[in-house]
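Hi,

Here is the structure I said I would pass on. Have a look at it before you read the notes below.

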2 protein chains.
Amino acid sequence: MGTTQLETVPEPKYWHLKTVLAKALDSEFAVGEVLPNERELAARFGVARATLRQALEQLELEGRLQRRRGVGTTVAPPRVGVDVGPAHHSWPGAQGDAWQTEGCETTVPPAAVARALGTADDHAVHVVHRVRTVHGQAVATELLYVPAASVPGLSGIETDAGTARGRAVLRELNRLELGGQERAVELGSARAEDARRLDRLPGSPVLVVTTRYLAAGGTAAVAVATYRADTCRLTFGDSGAVSLLAS
Amino acid sequence: MGTTQLETVPEPKYWHLKTVLAKALDSEFAVGEVLPNERELAARFGVARATLRQALEQLELEGRLQRRRGVGTTVAPPRVGVDVGPAHHSWPGAQGDAWQTEGCETTVPPAAVARALGTADDHAVHVVHRVRTVHGQAVATELLYVPAASVPGLSGIETDAGTARGRAVLRELNRLELGGQERAVELGSARAEDARRLDRLPGSPVLVVTTRYLAAGGTAAVAVATYRADTCRLTFGDSGAVSLLAS
DNA sequence: TAGTGGTCTAGACCACTCT
DNA sequence: GAGTGGTCTAGACCACTAG
């Protein structure tokens, strides 16, 4: 009376589907190639479209696939390694900085940022918006929070224009002596505005890198950077060695 | 003929639902409190259960909620900050190491690891299994790949037992002179075995930390650590300062 | 055994991208 | 306009936990 299955393992369909697709991607598809559309794939594997989508979502999360509405599903290239220091030990805006300034405003930061800055909860600070691109593609957005006290030399003339003032803030920031950095990485989901800049849908998984820039006496600035989790692999090269883990 | 909505923004229901729930979590719920079950919440908000689940999934991804089958959905505590160096600049198994050795085997590593180690694709290496716990809870699993060449002093007597051999490998590794570390962080989904150890479902989002340990001449070992993305916030404290970002 | 979240279905319509 | 992925529905059953 032996049945075909020993230890009947009720492995979810989408899980099995995912492994099958992953193998197919390795052996039968090239980077950039487009897969059959979801309705056809679902029919081919004999599952509902929702189940197939669950498998595709996981593969996209792992950076194996790229899906774009109105276009299709393509095989993603290997993740790009982006260096997030602390090799340079320098301020934002220093030479070799990979970020491009896009604007600057003055607002009250979120409570968590205010706490890290050591400012009052209702104290407005400069917020510099920046974007990081790799191979011409935006991979991260950043909000750099700088209290006015950190940039005392900022002239009043530059306090209106967006991008110009952003650059002025960075310039003044670089006059300070850097006392170290603290970083944290966690998983998040893209806010609507970040998603737009990163060419993703709102809620897409992102890696949030929070950096605290220290100067004599305390925190001079806090940066909250949002990296595309599907395409990015954050590298931390120590000991000055060239990173071989960066693809 | 004015309609109620200007600029009819077709914001997805689950997105709106998510923000509503997030606000409610801030104002009306305490950490550890259990939410109403999914069927009731869906009815209360007038949406299908699948739509509600989409909102809950995002909140869980952001570490705001914790869902457990057969139990319910509870409000998650703030993410715990776990230090992933490079403050110590030490080998695995050194004093103060946060990991616990669970076993050791000898197998051929994945191609990507073999490449980083500089070994042949079919060359077997020691693989030490370790677990990292915080507050009594497992937050990460690790596979530490150590080529036999890195631990020449390993005696033959210790080559059979699991945990004992693991400790022996770590002991031998600490005889080497550390030449630096390289780290990379990326998003992944938990393999079945990791998920079990971390008390999560297979496919749960995890932060994968790959570390390359350098010694004179090249790569002495490679560690692939898998952290729970829902509960962990990886911290990188530089300059020896106490991390204030760690919650 | 009752109640929970997890999986799955078979549809429908919408938003977007290209031609 | 045709074709794609994204959203949503209203059900059903399963796996797990706990009293």
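**What I found**

Let's start where the two protein chains meet: the contact (heavy atoms within 4.5 Å) takes 42 residues from chain A and 42 residues from chain B. Before going further, a word on the basis: this is a predicted model, in which local features need pLDDT of at least 70 and side-chain atom pairs count only at pLDDT 80 or more, while totals for chains, interfaces and linings use all residues. Residues are numbered from 1 along each chain as its sequence is written, chains are lettered from A and ligands numbered from 1 in the order in which they are written, and side-chain values use heavy atoms, with hydrogens and water left out.

**Chain A against chain B**

Together the two chains bury about 3400 Å², with 58% of that on carbon and sulfur atoms. Buried area here is the accessible area (1.4 Å probe) that two parts lose on being put together, summed over both. Four salt bridges are counted between chain A and chain B, a salt bridge being a side-chain nitrogen of Lys or Arg within 4 Å of a carboxyl oxygen of Asp or Glu. One to look up is Glu186(A) with Arg79(B), at 2.8 Å from N to O.

There are also 16 residue pairs in polar contact across this interface, both residues at pLDDT 80 or more. A polar contact is a pair of N or O atoms within 3.5 Å; within protein, one must be able to donate a hydrogen and the other to accept it, and residues adjacent in sequence count only if both atoms are side-chain atoms.

Which parts of chain A supply at least two residues each to the side that touches chain B? They are helix 1 (13-28), helix 3 (49-61), strand 7 (178-189), strand 8 (205-215) and strand 10 (232-237). Helices (H or I, at least four residues) and strands (E, at least two) are DSSP runs, numbered from the N terminus. Strand 7 of chain A gives the most, with eleven residues. By class, the side of chain A that touches chain B has 21 nonpolar, twelve polar and nine charged residues. For these classes, Ala, Val, Leu, Ile, Met, Phe, Trp, Tyr, Cys and Pro count as nonpolar, Asp, Glu, Lys and Arg as charged, and the others, Gly among them, as polar.

Strand 7 of chain A also runs antiparallel to strand 10 (residues 232-237) of chain B, joined to that strand by four bridges; strands pair if DSSP finds at least two bridges between them. Within this pairing, Ala184(A) stands opposite Thr235(B).

**DNA strand D**

Next, the DNA. DNA strand D has 27 residues around it, the closest being Arg49(A), Arg53(A), Lys13(B), Ala48(B) and Thr51(B). Near means that one of a residue's heavy atoms lies within 4 Å. Of the strand D atoms within 4 Å of the protein, 67% belong to sugar or phosphate and the rest to bases.

Some phosphate oxygens of strand D to zoom in on:

- Glu38(A) has a polar backbone atom 2.9 Å from one.
- Arg67(A) has a polar side-chain atom 3.4 Å from one.
- Tyr14(B) has a polar side-chain atom 2.9 Å from one.

Helix 3 of chain B gives the most to the surface near strand D, with four residues. That surface divides into nine nonpolar, seven polar and eleven charged residues.

**DNA strand C**

DNA strand C has 27 residues around it, and Lys13(A), Thr51(A), Asn37(B), Arg49(B) and Arg53(B) come nearest. Here 66% of the DNA atoms within 4 Å of the protein belong to sugar or phosphate, the rest to bases. Ala48(A) puts a backbone N or O atom 2.8 Å from a phosphate oxygen of strand C, and Arg53(B) places a polar side-chain atom 2.8 Å from a phosphate oxygen of this strand. Helix 3 of chain A gives the most to the surface near strand C, with four residues.

**Two more places to look**

In chain B, strand 1 (residues 65-68) and strand 2 (residues 72-75) pair antiparallel over four bridges, with Leu65(B) partnered by Val75(B). These strands form a hairpin with three residues between them, and Gly70(B) in the turn has a positive phi of about 85°.

Finally, the salt bridges come to 44 over all chains. One of them links Arg130(A) and Asp97(A) at 3.0 Å, N to O. Arg130(A) is in strand 5 (residues 125-134) of chain A and Asp97(A) in the loop between strand 3 (80-83) and strand 4 (99-107), so the pair ties together parts that are 33 residues apart in sequence.

Cheers
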